[in-house]
Each structure stands twice: as structure tokens, then as C-alpha cells.
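Visitor: Could we go through this model together? I would like to begin with its interior and then move on to other local features.

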Amino acid sequence: MKRVLPLVFVFAFSAPALAQTVDSQGAKQLSDSLARYFGKQAFDSGVVKVSVEGDAYKVVVDIKALVNALPEEKSLKFDLAPYALTVKPRSDGSWDVASDFSQSMSFEFNGPEGPQSMQLAVKDGKGTAVYDPNLAAFTSGASSMAGMTMTSREAKQQADVTAGAGTATIAATKSANGGVDFTATQKVSSFVETIKVDDPDSGMNFPLTLKAPELSVDAKGKGVRTKPLLDLLAFAVANEDEAKLKANQAELKTLLQAALPVWERIDGNYGLKDFEVESPVGKFGATQFSAAFGMDGVSQNGKVDYAIKASGLTIPRQMLPGWSVALLPTDVELNFGGANIDLDTMAKKAIEAFDLNKNPPLSDEFGDALVADFLAKTPKFVLGHSTVKNGDIEVAMEGEMTFPGKKPDATMIVDVAGYDKIVQALQEGAKSDEQMAQAFPFALAVKGFGKALPDGRLEWTINAKADGSVTVNGAMLKPADAVQDDGAGQDGGSGQDDGSDQEDGSGQDGNGGAGAKLQP
């Protein structure tokens, strides 16, 4: 459903284009080329077959034959018709590829907790694409289906999924810095998933139904090293024997280096419109929901980004106290991830140092040094500008955290519009809720630390240092932790210093002194 072709074929058609005449000799050449990635045994056993069909070649992959050939998998019942592709060489050296992936598949086996099974059916699935062996990528492609159903059964859970018509596209071009830039899209209509959980051990017994009239997926990549990755696949197939792999590890190191940085950047976004979740406690929903992910390749200053957005949120209110409705979020946007991530140095050092003739290939000491070096580059967790909204109330936050000396050092800025409305809601809740009665004074105290902005919002800049100290808008909320020193501990244990708590009752001298000792 999600791709024009199975992923293995994305890697398989890297052979040079054959002569334009389609004949048995060309089929033999294509088989030999594909054997580099599938292994010759796959062709000898009939798992993969290439034949001439008119002015094109037909490539058939029989996964069922592969499963049946594995003696340890006899307990697995697997049913899947052979998958067929039609490939035809073009005058420009690329290939026309077509497939009919209308398919039914099922498997069942005995899992740790009992029988497990799955059935999948795709109706009227068709796809066409153009594959460029020089790029080892599809330069264009499109697919569609009329619908899809899937069921899965486990001892304590079952799921049923249905989807309506769907379409997908893919395109790729040569990247300016090497590799391939690509874009891919997919849309599916009428998505419904029903999950039923029945676990007597935990007492969980409930159904969930997820619905969305439209599901979409968008992805893009920059500088994906498709050809070096293909070379690694071919090396793995040619060196399945452990002794041969050890003998050729120098070549493996060269291929691994050539595949770096694997890609420059990959981003993806998963979106749902008018999303609903029906549960025993009521209906949750969002008019728009999306989850995005992005990751740099292996680099010295890499980034990882996540983004979750939801608007038009609805939450069951029947189980919530009335005063809390004013605080329920209607729109949420969370942005977080990591930065200053040096995977390049780690990868190159590990590739250079590993030795397959040793057990383990990398020593524990090397691993510890590698991790220490990674942390010394101060990777950091980043909270990008994120918001939670409800009517006139908006809470915004952003910040970052590093780990010098393995202890966190964090800075966060929080600003709130409509803070008085939050206080009013808590004040109302305090009339009937003991916990809210305890929280209300705290909310007033927090307001006292806030800095008033020109637009009426309140802002708090929070600094939590690795020494344990915490300040809010420059005011010391918690002093630095006491210095852990064995010698000082002996003196402190005499009872002379610590026993003077009567003189410390004001909290001024004792805390201030401790803080002063640790200030830079």
C-alpha cells in the first residue's frame, strides 16, 4: 500500500541497463545482476525468477517459497501469492517498472502467549515508475489502490483496520553534494482502526476505535547515499560466511566510509484530518493532527527534530470537574529534539577501530572512551517554541538542556497569556477539590516570580545549573548543592558547623553562605 514497489527492489535494480533487445540472453544478464543483491541461491531455489514477457522482463519473487525452505519456520503458516514486476529497458538507460500489487496475505504462528495471526488484503493496487540505475533510485513513480483491510489476532489483543482509496507518488533527482534528493507522498481515505484489549492479568478490557476521513504521509530526503548503500548490500550477500567476512573486513571498512553520511537530511510528516478516538470514557478528537520527524545524517553537528501539532481538540468532559473545562487545551504545538550531535566522529573512529577477529570487535574501554568523547562535544536537548492554548489562555515555552559532567544544565523560558484566568479556575476548583486548594497558593506564588511583558503576558526565565542551583528571573530559588568532599564531611560531621542550626533559623546566613561558596 505504501510504496510503488517493495523496498528490496529499490536496491535491486542497480544493474547497468541492458541492450534494447529483450530476449533470453538479456533475462540471463538481468538475473546475474540481481543475484548480486539476492544471492545466487535465491534464483537456484526459485525464490526469484526472471523471464521474457513480450517486450519486457517479468521478475517474480516468491516469498512463500523462501519461508517454506526454512526448516526452523515449519511452525509458521504463511500464504502469499508470488509478487510480480514488469521491467522494460528505456533508450536513456533507465527502466520502466510496473506492478499489480492487488494481494492477499496471511500468516499465523504460536507466540509466547498463544496463537497469533494476521490477514492483509489490498484491492486493485497498481503502480508504475521509472528507475535510474545511475542514481539507484526511482526518478518518478505513482501508485493507487481501491481499498485495504487488515486483521490481526493475539492472545490478549485484536485489531481490525480498513482504508478506502489511496494514492502515492515518488520522485528523485541527483543531489548537488552526492547521492539522491527525493520526495514521496501518500494519501488514504476513510481510515478506521478498531482495537480490542482483553488482558485478565492486568484487568484491562476495553475497545478503541480510531477514525480519520483522510490520512496523509509526506517525506523528503536530501543526499541519500543510495549507491554506496547498494554496495553494502551486495557485500553482505557475497560475504555471508563468517570466515569470508572476517577476511574481507578491510573492504567492509572502505564501503562503510563511502556510505557516510548515509543522508544529509530526511524529514517526514504524518497527518490526519478530523481525527476521532472512541473509547469507553468518551470521544477524543482533533480537526487536524500531525506528527513530524526530521534527522540529519551522520555529521559533526547533527540535529534531530520532532513536532506534534493538534488543533480543534475535543476531550470527554463527563468525567472531569466543571471548573477544569476552562483549562482544557484546544490547540497544542510541541517542538523538541536534539542538537550538536556528533555522530561523524563516533562512526569514523568505530569503523577504523573495529576488528571482526576479536570478541567483541570493539573493546569495552573503546566504547566507554567513545561515549565520553561524544558527551564532551556537549550534545543538547532542545525544546523549540511550543504552545498550549485554550481561548484567551496560552502557555508558551522554549529552552535547552546540556549535560556537563553528566549532570543537567538547563535553561527554559515560559510565558503565559491569561494567567489570571488560570488562577480564577484554580480558585473555583479549590472550593470543592482539596488538591486544588493546595495548588492555589502555589499558583499565586508563581505569579509573584513572573516578569510582566509589555503585551500583558507573564514570563519566567528558569536556570537550573549542574551545581544544583535554580534561579527564576535572576532570583535564587534553590542554592547550589553542598560540595561533596570527604575532608569537609569529617569536619561537618563533628556537629560544630551543622549543629548551629539555631543560628541558621533565619535561613539567610546558612543558605546564603552555601550558595556564595559555589558561585563563580
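Visitor: Which residues line the second largest cavity?
Guide: In this predicted model, the lining of the second largest cavity is made by Met-295, Asp-296, Gly-297, Gly-302, Lys-303, Val-304, Ile-341 and Leu-343.

Visitor: What is the volume of that second largest cavity?
Guide: The volume of the second largest cavity is about 30 Å³. The model has 2 cavities of 30 Å³ or more.

Visitor: Which strands each supply at least two residues of its lining?
Guide: Strands β16 (282-296) and β17 (302-311) each do so. The largest share comes from β17, with 3 residues.

Visitor: And how do the lining residues divide by character?
Guide: The lining of the second largest cavity holds 4 nonpolar, 2 polar and 2 charged residues.

Visitor: Let us turn to the surface. Which residues make the nonpolar patch of about 280 Å²?
Guide: Val-281, Phe-284 and Met-319 make that patch. Val-281 sits in the loop between β15 (265-279) and β16.

Visitor: Why does Val-281 count as partly exposed?
Guide: Val-281 counts as partly exposed because its relative accessibility is 36%, and that class lies between 20% and 50%.

Visitor: Now the backbone. Where are Leu-260 and Asn-359 joined to a proline by a cis peptide bond?
Guide: The bond from Leu-260 to Pro-261 is cis, with omega near 10 degrees. Pro-261 lies in the loop between α7 (249-259) and β15. The bond from Asn-359 to Pro-360 is also cis, with omega near 0 degrees, and Pro-360 belongs to the loop between α8 (343-353) and α9 (364-376).

Visitor: What is the phi of Asp-274?
Guide: Asp-274 is not a glycine, yet its phi is positive, at about 50 degrees. Asp-274 is part of strand β15, and it is partly exposed, with 45% relative accessibility.

Visitor: And where is Asn-473 placed?
Guide: Asn-473 is in the loop between β24 (470-472) and β25 (475-478). Asn-473, not a glycine either, has a positive phi of about 50 degrees. Its relative accessible area is 27%, so Asn-473 is partly exposed.

Visitor: On to charges, then. How many salt bridges are there?
Guide: The count is 31 salt bridges. One of them joins Glu-394 and Arg-457, whose closest N and O atoms are 3.1 Å apart. This pair links distant parts of the chain, 63 residues apart: Glu-394 is in strand β20 (residues 393-402), while Arg-457 is in the loop between β22 (451-452) and β23 (458-464).

Visitor: Are Glu-394 and Arg-457 buried or exposed?
Guide: Glu-394 counts as buried because its relative accessibility is 19%, under the 20% limit. Arg-457 is buried too, with a relative accessible area of 14%.

Visitor: What about the salt bridge of Arg-90 and Asp-92?
Guide: The side chains of Arg-90 and Asp-92 meet at 3.6 Å, N to O. Arg-90 is partly exposed at 29% relative accessibility, whereas Asp-92 is exposed, with a relative accessible area of 53%.

Visitor: And the one between Glu-428 and Lys-431?
Guide: In that salt bridge the N to O distance is 3.2 Å. Glu-428 is partly exposed at 42%, and Lys-431 is exposed at 65% relative accessibility.

Visitor: Finally, which residues are linked in a network of salt bridges?
Guide: Glu-113, Lys-156, Asp-199 and Asp-201 are linked in such a network.

Methods:
Residues are numbered from 1 along each chain as its sequence is written. This is a predicted model: local features need pLDDT of at least 70, side-chain atom pairs count only at pLDDT 80 or more; totals for chains, interfaces and linings use all residues. Side-chain values use heavy atoms; hydrogens and water are left out. On a 1 Å grid over the protein atoms alone, a cavity is a set of points where a 1.4 Å probe fits but cannot get out, and a pocket is an open set with protein on both sides within 12 Å along at least five of seven lines; lining residues have an atom within 4 Å of a point. Grid points are joined across faces, edges and corners, and a volume is the space filled by probe spheres set on the points. Helices (H or I, at least four residues) and strands (E, at least two) are DSSP runs, numbered from the N terminus. Ala, Val, Leu, Ile, Met, Phe, Trp, Tyr, Cys and Pro count as nonpolar, Asp, Glu, Lys and Arg as charged, and the others, Gly among them, as polar. Patches are made of residues with over 30% relative accessible area and no salt bridge: like charges are joined within 9 Å, nonpolar side chains (Val, Leu, Ile, Met, Phe, Trp, Tyr) within 5 Å. Accessible areas come from the Shrake-Rupley method with a 1.4 Å probe; for residues, only the protein chains shown count as cover. A salt bridge is a side-chain nitrogen of Lys or Arg within 4 Å of a carboxyl oxygen of Asp or Glu. Buried means under 20% relative accessible area, exposed over 50%, partly exposed in between (1.4 Å probe, protein chains only).
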